[in-house]
Amino acid sequence: MPFKRYVEIGRIALVNYGKDYGKLVVIVDVIDQNRALVDAPDMVRGQMNFKRLTLTDIKIDINRVPKKKTLVAALEAADVKNKWESSSWGRKLIVQKKRASLNDFDRFKIMLAKIKKAGVVRQELAKLKKETTA
Amino acid sequence: MIITDTVQFLKFTYDEHERTIFSFVWAVCFGPDQELGFFSWPLYSVINHFHDLNSFLSASTTAAATVEDSSRGSHAGKMSYKFHQFQVVGRALPTESDEKPKIYRMKLWATNEVRAKSKFWYFLRKLKKVKKSNGQMLAINEIFEKNPTTIKNYGIWLRYQSRTGYHNMYKEYRDTTLNGGVEQMYTEMASRHRVRHHCIQVIKTATIPAKLCKRESTKQFHNSKIKFPLVFKKVRPPTRKLKTTYKASRPNLFV
């Protein structure tokens, strides 16, 4: 199985541990075998261990250690935010976040919606059953 | 009369908080022995100045607080180092024969200021005829990294004591800060050579440009198109609270 996601300058990674959990960051330079210099529009450039990062499929085109403005421009040009939020991984994370932030009323509404959906599915299933038996 | 005027002015203006500051200002300007009841005309200017000072202080603290908060926004990477870099300045005490002894400055690594001062005297004793008992410490400041967001190659020259004798060594490290590089050095010496930190003396450190690096392990990262896969990926629980001893299924270690 060849590798598809490489640590390289411009690779977008997701932080999976620590204070910046859940953030998308750009690998801007590699310090050594275990650490990368990492940057994001809303944070000061700093080092991160690869153990805290999960590589994504998205890669942007930047030089080694670009200025903040260049980085933000490159992120906009590559449309990283939309690509991420439309990818299945990104969508799953959004749904997880939404589920975690529900209040009781929301959960009630979801219950009603689920019952309605199940009702409609069952009706269709009953129709199909009748057709096959008839 | 001036005195009554000032009294009225004071009664009108001060409150509990201001009184403490005012008494300090009073003590500073006029000496702590003078009673608060004795006013003189320069006090007008002091009070006015004090009011400005008070508002200035409060403004500066709020400004400092907001600046701190915004800059603290979000930092990636660790912020605490075990070894800090200090600049220590000291000299021998002046005597009749030597009115102006030479001042010596040293940059060294220690875990805290007290240790730094002690190390300073240790090294100075070995170089000059001066001890802590007949010397004085002039200044001790911590040195912080100027550009902690850029990667640098650090060369460290050190002298260490092994089980059989003293040796010199030159080691290279890639890091964002000098403190980080020095900490890497201490941990590496401990692991590779079993040398404890008190047996290590840092002779010199320098930021090495990429061309002059000697070690292959640092030179292999001098590649602007560096690219490598992460071969072994063990996914950790995002917080230590979610850690469990037993897992239901074997983990997937590929990417």
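Trainee: In this predicted model, with which residue does K127(A) form a salt bridge?

Mentor: Side chains of opposite charge can pair when their charged atoms come close. In this predicted model, K127(A) lies in helix α4 of chain A, which spans residues 104–133, and its partner lies in that helix three residues away, about one turn of the helix. The closest N and O atoms of the pair are 3.2 Å apart, within the 4 Å that a salt bridge allows, and the partner of K127(A) is E124(A).

Trainee: Is K127(A) buried, partly exposed or exposed?

Mentor: A residue counts as buried under 20% relative accessible area and as exposed over 50%, with partly exposed in between. Its salt-bridge partner E124(A), with a relative accessible area of 42%, falls in the middle class. For K127(A) the relative accessible area is 48%, so K127(A) is partly exposed.

Trainee: Which residues are joined into one network by salt bridges that share partners?

Mentor: One link of this network is the salt bridge in which the side chains of K23(A) and D20(A) meet, at 3.4 Å from N to O. K23(A) is buried, with a relative accessible area of 17%, and D20(A) also counts as buried, at 6% relative accessibility. The residues that salt bridges with shared partners join into one network are D20(A), K23(A) and D42(A).

Trainee: Is D39(A), which meets R45(A) in a salt bridge, buried or exposed?

Mentor: The side chains of R45(A) and D39(A) meet at 3.8 Å from N to O. Since a residue counts as buried when its relative accessible area is under 20%, R45(A) at 18% belongs to that class. The relative accessibility of D39(A) is 2%, and therefore D39(A) is buried.

Trainee: Which residue of chain A meets D175(B) in a salt bridge?

Mentor: A search of the whole structure finds 17 salt bridges over all chains, while the count between chain B and chain A is one. In the salt bridge of D175(B) the distance from N to O is 3.4 Å, and the partner in chain A is R35(A).

Trainee: Which element gives the largest share of the side of chain B that touches chain A?

Mentor: Nine residue pairs are found in polar contact across the interface of chain B and chain A. On the side of chain B that touches chain A, the elements that give two or more residues are β5 (166–175) and β7 (227–229) of chain B. The largest share, three residues, comes from β7(B).

Trainee: How much area is buried between chain B and chain A?

Mentor: The contact takes 29 residues from chain B and 35 residues from chain A. Carbon and sulfur atoms give 61% of the area buried between the two chains, and that area is about 3000 Å².

Trainee: How many helices and how many strands does chain B have?

Mentor: From the N terminus on, the elements of chain B run α-α-α-β-β-α-β-β-β-α-β-α-β. Counted by kind, the elements of chain B are six helices and seven strands.

Trainee: Over which residues of chain B does pLDDT stay under 50?

Mentor: Chain B averages a pLDDT of 78, and 69% of its residues score at least 70. For the stretch in question, the model has 41 contacts beyond four places in sequence, and the stretch of chain B where pLDDT stays under 50 is residues 1–73.

Terms used. Residues are numbered from 1 along each chain as its sequence is written. Chains are lettered from A and ligands numbered from 1 in the order in which they are written. This is a predicted model: local features need pLDDT of at least 70, side-chain atom pairs count only at pLDDT 80 or more; totals for chains, interfaces and linings use all residues. Side-chain values use heavy atoms; hydrogens and water are left out. Helices (H or I, at least four residues) and strands (E, at least two) are DSSP runs, numbered from the N terminus. pLDDT is the predictor's confidence in each residue, from 0 to 100. Contact means heavy atoms within 4.5 Å. Buried means under 20% relative accessible area, exposed over 50%, partly exposed in between (1.4 Å probe, protein chains only). Buried area is the accessible area (1.4 Å probe) that two parts lose on being put together, summed over both. A polar contact is a pair of N or O atoms within 3.5 Å; within protein, one must be able to donate a hydrogen and the other to accept it, and residues adjacent in sequence count only if both atoms are side-chain atoms.
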